[in-house]
Amino acid sequence: MNLLLTIGLAIASLLPQADDTFWRDSIPVEMRQSYVTYGEQYIGKPWTVLPWTVFAENKITGNRVNYEGLCFEKRRQLAALVMAEIMEGKGRFIGDIVNGLGSFCEETWWGIPAHYGKAIPLAELQEVDLFNAETASLIVWTKYMLQKQFDAFSPDLCQRIDREIERRILIPALERDYWWKTAGMNWNPWICSNWLTCVLLCEKDEARKAEAIAQIKKATQAFIDAYPEDGGCDEGPGYWDRAAASMFEVMRLLDFGADHPKVQKMAAYAYKTYIGNDYCVCFADAHENKAVQQVNIVYPFGLWLNDQTMRQFGAYLGRQKGVLVNPAVLYDKSGNFPTLGRELFFLRHIREFINEQPREPLLKDVWLPDLQIMTARRGNLYVAMKGGTNGESHNHNDVGSFVVYADCEPLFIDPAVGEYTAKTFSKDRYDIWTMQSGYHNLPQINGFDQKDGKQYAAKVVSHKDGQLTLDIAGAYPAEAKVKSWKRTVSATKSGVTVTEDYELDKYRQPTRLMFLTLDADALKHLHFDATQMEATVEDISDQLDPVLQGMWGKHMYRIVLTIKPGRLKNRIKYIIR
């Protein structure tokens, strides 16, 4: 009981409510005005009733983005109004917020159709998914910040919110043995961080509160235990902010884990995979190749850990994004919708943030031995290479692939992932081109691409000073007839040298080396022996959907170096300059 009381008091001290003078006295005027101006666009705007026909599209056609677009914009509307009211403090936005809360209470289910087993939402089926939990957290923080204003309007409002949170989150999350409670991927901490908010701010039953907190701590520990010792996120930097960063949000509220060595490494992954000029290393599923999602979480995480590199990185990101001038504009660039609690906790540290020395973490060398990821920075070139397996979370068949950036701009890229559909997480996932090794910087051996599954993996031959050698033969099916394929990527100031040292059991058809680029003229950067290979360039721009265009622009090309036939054992070398 004392622990629960301590946690409750900690929230009050960590995050003052909206009537506290902190929000008007400590937040710079330009920042406050940004939130107010952004919120004003929603004054008097009707609240969307989410159509069941659009919800059902996921089961009928596989489309999920139509519903998510409507759903996330509605949540953005609430967050914007709440932030505006907190910053202005005059009651001007309260009526719209109240109407919004009423609309949310009338929604049948708060999650997204891709995570639901039925074509339409049912009141009696309250599954706890990412966005059911995220919406609940948004509403709970709204209630916490504006409770006095709501009670002045009607005491029944907060009581209604508590009942909705209880039936949608508190009871099902506590009583059901969900798979994500033991998972080593983003669902675990993403849901737990939001579930914990609901427990601490809405749960009235002290026994249930204690049990829920115990479950959340156990789930968080399971997440940490499942992570590799190097702290790497196999889901890629695009999911780090909902994996390790959400784990931090649990630990901050429960006040544990800051001295855990693996936790410190999990945090550092954010800057260890940072390229420069806002770009992050892009492996696995990613809907964003830049550090937009990390702006309001990197600095508080680094502050909590007392990681100077991370603090300075957070300060750098914030200034690059204009946080001190126009922070609300980032709402339009967030992948889903703004996380209210995360934004408020960031602002709680705004004075420390302002005084922090911003610095871009341009690390020379990184080696994550468990994930088998190397990064190296030499001169104006940056290279990142990955081994691992084709059974990782949000996996793409990309064992042995690498990316190269010149002057912190993309030269040879990983395509990331386009719009999520029902197919993305089905048995047909690897029919999608972005998942296939043929659309990564990899060889197609004897006409065969890599296969999916944990058994399809690389072996580390050696790593030293910006040079990694992997045997990637094990990532290909037996039909490829490859005995060994040792790929060495070596970074120097004069260029990135790649050596393909291979042996085949049998020749079937010419082996091809693939390279993805945004530059139709990028072939000039590939220096190779024309007696060994011949080059072609394919325009694959017509395969780019709106998500990929948002990341890379409207053009993408695949360079193919076809190895001239005749040898089962060969050694090929080329240089990227």
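**Helix α15**

I looked up which residues of α15 are buried (under 20% relative accessible area with a 1.4 Å probe, protein chains only): they are V295, N296, I297, V298, Y299, P300, F301, G302 and L305. The model is predicted, so I note that local features need pLDDT of at least 70 and side-chain atom pairs count only at pLDDT 80 or more, while totals for chains, interfaces and linings use all residues. Residues are numbered from 1 along each chain as its sequence is written, and side-chain values use heavy atoms, with hydrogens and water left out.

α15 spans residues 295–305, and nine of its 11 residues are buried. Helices here are DSSP runs of H or I with at least four residues, strands are runs of E with at least two, and both are numbered from the N terminus.

What covers those buried residues? I found α12 (237–240), α13 (244–254), α14 (261–272), α16 (308–320), α17 (340–348) and α18 (350–355) among the cover. Contact means heavy atoms within 4.5 Å. Right after α15 comes N306, with a positive phi near 55°.

**Sheets**

Next I checked the strands; two of them pair if DSSP finds at least two bridges between them. One open sheet has four strands in the order β9-β15-β18-β17, with antiparallel pairing. Its edge strands are β9 (443–444) and β17 (533–539), each pairing on one side only. Inside this sheet I followed β15 (residues 512–517) to β18 (residues 557–563): six bridges join them, antiparallel. R512 has T562 of β18 as its bridge partner.

Another open sheet has six strands, ordered β11-β12-β13-β14-β19-β16, and the pairing is antiparallel there. At its edges I noted β11 (459–464) and β16 (526–527), each with a partner on one side only. Between β13 (residues 482–492) and β14 (residues 495–504) I found 10 bridges, and these strands run antiparallel. S484 sits opposite E503 in β14.

**Whole protein**

Then I stepped back: the protein has 19 helices and 19 strands. Its radius of gyration is 25 Å, close to the 25 Å from the globule rule for 577 residues, so the protein is as compact as a globular protein of that length. That radius is taken over C-alpha atoms, and the rule is 2.2 Å times the number of residues to the power 0.38. The C-alpha atoms fill a box of roughly 85 × 50 × 45 Å along the principal axes.

How many of the 577 residues count as buried? I get 60%. Of the contacts with a separation of 6 or more, 73% come from residues 24 or more positions apart.

Terms used
Buried < 20%, exposed > 50% of the residue type's maximum accessible area, 1.4 Å probe, protein only.
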